[in-house]
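Ready for a few warm-up exercises on a fold you haven't met before? Try each task with the structure in view, then read the solution.

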Amino acid sequence: MTTLLEKYRPKNLADIVGQPHVVDQLRAWLREPTPTAFIFGGGTGTGKTSAALALAKELGIVVERGEYSGLWQIASGEQTGEAVRAVMKGLHVTPWEGSGWKVLVVNEADIMTPNAAGTWLDVLEHLPPRTVVIFTTNNAGRLPTRLRDRCERFEFNSGALALLPHLPAFVAKVWKAETGRDDAPDPFDFGPLADENGDISIRRLLQMMTPFIRAGKAP
């Protein structure tokens, strides 16, 4: 069974909830894309990885086909110098499918090894044609300053003031699609939306909605 998290993961930039400034800036870049590196920073569950995959799709990459179509990823905990050098070899090869663009998503980049960080300093100065590297991180300040200076930075907002106005429409959309009803509960009815720091996560909201939607009953 497909989870709500999987089902409502944004497929396009237009689907990203509560980050209009990021979406506008990425759309502006898409009008004349060039090889570059981005840092997507911000709280957990705010759409950083989803935005990276959506950007890849809008560049003409068939995301589901992975490396065959130009999408590469380095998982959290695997950011070593060897991993960076290995994946960069693949990015010098034209994908079998898609538009020819290549996107590398480096997840939880702030936990990369010092050796990986040093390798990136050289790599980012000599990106292959039609290549985009996207570092996602919950704490961009932990990345080395010299690495940050080689990237464009996008901050995903997790604050309540920024996200709360977008949540009723999102909840109504999911509730209607899953139950067929127009009586969507207030987002706050599902439980505490913010963590101890006052940050809101769309992932957390979907997790809280899941048992109520499964039971077909409002909280």
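**Exercise 1.** Work out which residues of α4 are buried, and what covers them.

*Solution.* Start with the burial list: in α4, G81, V84, V87, M88, G90 and L91 are buried (under 20% relative accessible area, with over 50% being exposed and partly exposed in between, for a 1.4 Å probe and protein chains only). Next, look at the cover, which includes β2 (71–74), β3 (102–106), α5 and β4 (131–137). Helices here are DSSP runs of H or I with at least four residues, strands are E runs of at least two, and both are numbered from the N terminus.

Before going on: this is a predicted model, where local features need pLDDT of at least 70 and side-chain atom pairs count only at pLDDT 80 or more, while totals for chains, interfaces and linings use all residues. Residues are numbered from 1 along each chain as its sequence is written, and side-chain values use heavy atoms, leaving out hydrogens and water.

**Exercise 2.** Describe how α4 and α5 pack, and name the residues that make the contact.

*Solution.* First the geometry: α4 (residues 81–91) and α5 (residues 114–123) pack at about 35°, with axes 7 Å apart. (Axes are lines fitted to C-alpha atoms, for helices over the stretch in contact, and angles run from 0 to 180 degrees between N-to-C directions.) Then the contact, meaning heavy atoms within 4.5 Å: α4 brings G81, E82, V84, R85 and M88, and α5 brings N115, A116, T119, W120 and V123.

**Exercise 3.** Find the strand order of the open sheet, and say why β2 and β5 each have one side without a neighbour.

*Solution.* Strands count as paired if DSSP finds at least two bridges between them. Tracing the pairs gives five strands in the order β2-β3-β4-β1-β5, with parallel pairing. β2 and β5 (152–156) stand at the edges with a single partner strand each, so one side of each has no neighbour in the sheet. From one strand to the next, the twist averages 20°. Now zoom in on one pair: β2 and β3 are joined in the parallel sense over four bridges, and Q73 has V105 in β3 as its bridge partner.

**Exercise 4.** Which helices lie on this sheet, and which strands do they touch?

*Solution.* Take α2 (residues 20–31): this helix touches β1 (36–42), β4 and β5, and its direction makes about 150° with that of β5. Then take α3, which lies across β1, β2, β3, β4 and β5 and runs at about 150° to β1.
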